[in-house]
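Work through the exercises below with the sequence and the model in view. Try each task before reading its solution.

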Amino acid sequence: MGLIYLLYIFFDVFPVTLCVLIILTIIFNISLAVFVNSNAKSRNLDNGKIWAILTFFFGLIPAVLYFILNIKLGTKNKDKKEKKLQKITLIICAATIALSSVSYPIYNYEIKKDTLKSEYEGSMHMPYLNEDESHYVFYDKLGKKYDYIDEDAMPYYTIKGDEFFMDYENLDALDDQDTHLILISKDEKIVIPEEKAAVNSDGYLVELDKSKLKKDEVPPDDYSYEDWEDYNEYKYVYSDSKGSLYFEPKDCSWDKSGNLVFKSKSLTNYYNEHK
């Protein structure tokens with residue numbers, strides 16, 4: 001039961017293919033160590049166990065050194081049992097190498113998949129795969145591309161072409177938790193507080209008093225009754241008397257052509273239904 005429990009933890013923590021590769025490596029080392037020890041026995045050498053132990057812990061390198069240093073030592077022994085054992089261990093070694101050559105690309109794929117999943121879930125804006133699909137990129141309103149690590153450097157553009165960047169203002173110097181979202185201009189001379197910052201349906205940043213607009217609540221993508229108890233799960237859409245739509249800047253993204261898009265499926269559906 002203890003072994004089963006350890007295996008359960010092992011496979012639960014590490015990717016399956018990584019576990020397979022580790023197991024194959026252990027099998028390879030054991031088989032190669034048995035082969036080295038058996039070969040030493042068949043040649044009447046006294047150092048077989050030492051080389052076998054080294055091979056078990058360090059793999060192919062000690063095995064190669066064993067044959068280089070002992071190639072002319074010992075005498076030939078035609079013991080059929082040892083010959084058969086060596087043949088079996090070499091077959092096992094070859095099989096583990098073959099399986100590893102198949103498992104390793106799968107392992108790399110799994111790592112890449114997990115990395116992309118982490119990047120997608122960790123991004124604020126809508127991410128797009130780059131040309132070789134190795135990582136995500138983002139686009140601003142003008143269609144400029146930003147790498148995943150440069151997401152914070154992506155600007156919001158006004159209709160006039162002015163650039164604003166998302167930042168946080170500390171309202172209370174004594175309380176690091178008391179922060180307030182703001183949009184600040186590139187020259188840091190203009191600050192738009194969160195309650196007056198919005199993105200219109202064309203994807204441009206505008207300054208207006210959102211408290212005077214009609215506000216609709218949009219449920220989160222994974223909607224459940226419990227989600228509505230969490231204020232942070234809400235998505236808000238604002239509209240004026242003419243029916244023009246406005247969105248929270250943090251909820252807005254753009255595609256390669258500069259069109260307004262949303263990472264949230266709920267907002268996307270709302271936008272498509274009301275635009």
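**Exercise 1: the two faces of α3**

Task: Find which exposed residues lie on the face of α3 turned away from its buried side.

Solution. Step 1. The face of α3 turned away from its buried side carries the exposed residues Lys49, Ile50, Phe57 and Phe58. Exposed means over 50% relative accessible area, buried under 20%, and partly exposed in between (1.4 Å probe, protein chains only). Helices are DSSP runs of H or I with at least four residues, strands are runs of E with at least two, and both are numbered from the N terminus.

Step 2. The model is predicted: local features need pLDDT of at least 70, side-chain atom pairs count only at pLDDT 80 or more, and totals for chains, interfaces and linings use all residues. Residues are numbered from 1 along each chain as its sequence is written, and side-chain values use heavy atoms, with hydrogens and water left out.

Step 3. The buried residues in α3 are Gly48, Trp51, Ala52 and Thr55. They cover an arc of only 105° around the axis, so they lie on the same side of α3. The arc is that of the directions from the helix axis to the C-beta atoms.

Step 4. An α-helix has 3.6 residues a turn, so residues three or four places apart point the same way.

Step 5. After α3 comes Gly59, with a positive phi near 80°.

**Exercise 2: α3 against α4**

Task: Describe how the axes of α3 and α4 cross, and list the residues that meet.

Solution. Step 1. Helix α3 spans residues 48-58 and helix α4 residues 60-70; their axes come within 6 Å and cross at roughly 150°. Axes are lines fitted to C-alpha atoms, for helices over the stretch in contact, and angles run from 0 to 180 degrees between N-to-C directions.

Step 2. The crossing makes α3 roughly antiparallel to α4, a label for angles over 145 degrees.

Step 3. From α3, Trp51, Leu54, Thr55 and Phe58 take part; they meet Leu60, Ile61, Pro62, Ala63, Leu65, Tyr66, Leu69 and Asn70 of α4. Contact means heavy atoms within 4.5 Å.

Step 4. Sorted by class, this contact has 10 nonpolar, 2 polar and no charged residues. Ala, Val, Leu, Ile, Met, Phe, Trp, Tyr, Cys and Pro count as nonpolar, Asp, Glu, Lys and Arg as charged, and the others, Gly among them, as polar.

Step 5. Pro62, Ala63, Tyr66 and Asn70 are buried in α4. These buried residues fall within an arc of 105° seen down the axis, so they line one face of α4. The face turned away from that side carries the exposed residues Ile61 and Ile68.

**Exercise 3: three loop residues**

Task: Decide whether Asn44, Glu188 and Leu213 are buried, partly exposed or exposed.

Solution. Step 1. Asn44 sits in the loop between α2 (16-42) and α3. Asn44 counts as partly exposed at 48% relative accessibility. Although not a glycine, Asn44 has a positive phi of about 60°.

Step 2. Glu188 belongs to the loop between β6 (179-185) and β7 (191-193), and is exposed with a relative accessible area of 62%. Its phi is positive, about 65°, although Glu188 is not a glycine.

Step 3. Leu213 lies in the loop between β9 (205-207) and β10 (214-218). With 18% relative accessibility, Leu213 counts as buried. Not counting residues up to four places away in sequence, Leu213 touches Leu208, Tyr238, Ser239, Asp240 and Tyr246. Leu213 and Ser239 are 26 residues apart along the chain, and their C-alpha atoms are separated by 5.7 Å.

Methods. Parallel < 35°, antiparallel > 145°, perpendicular 65-115°, else oblique.
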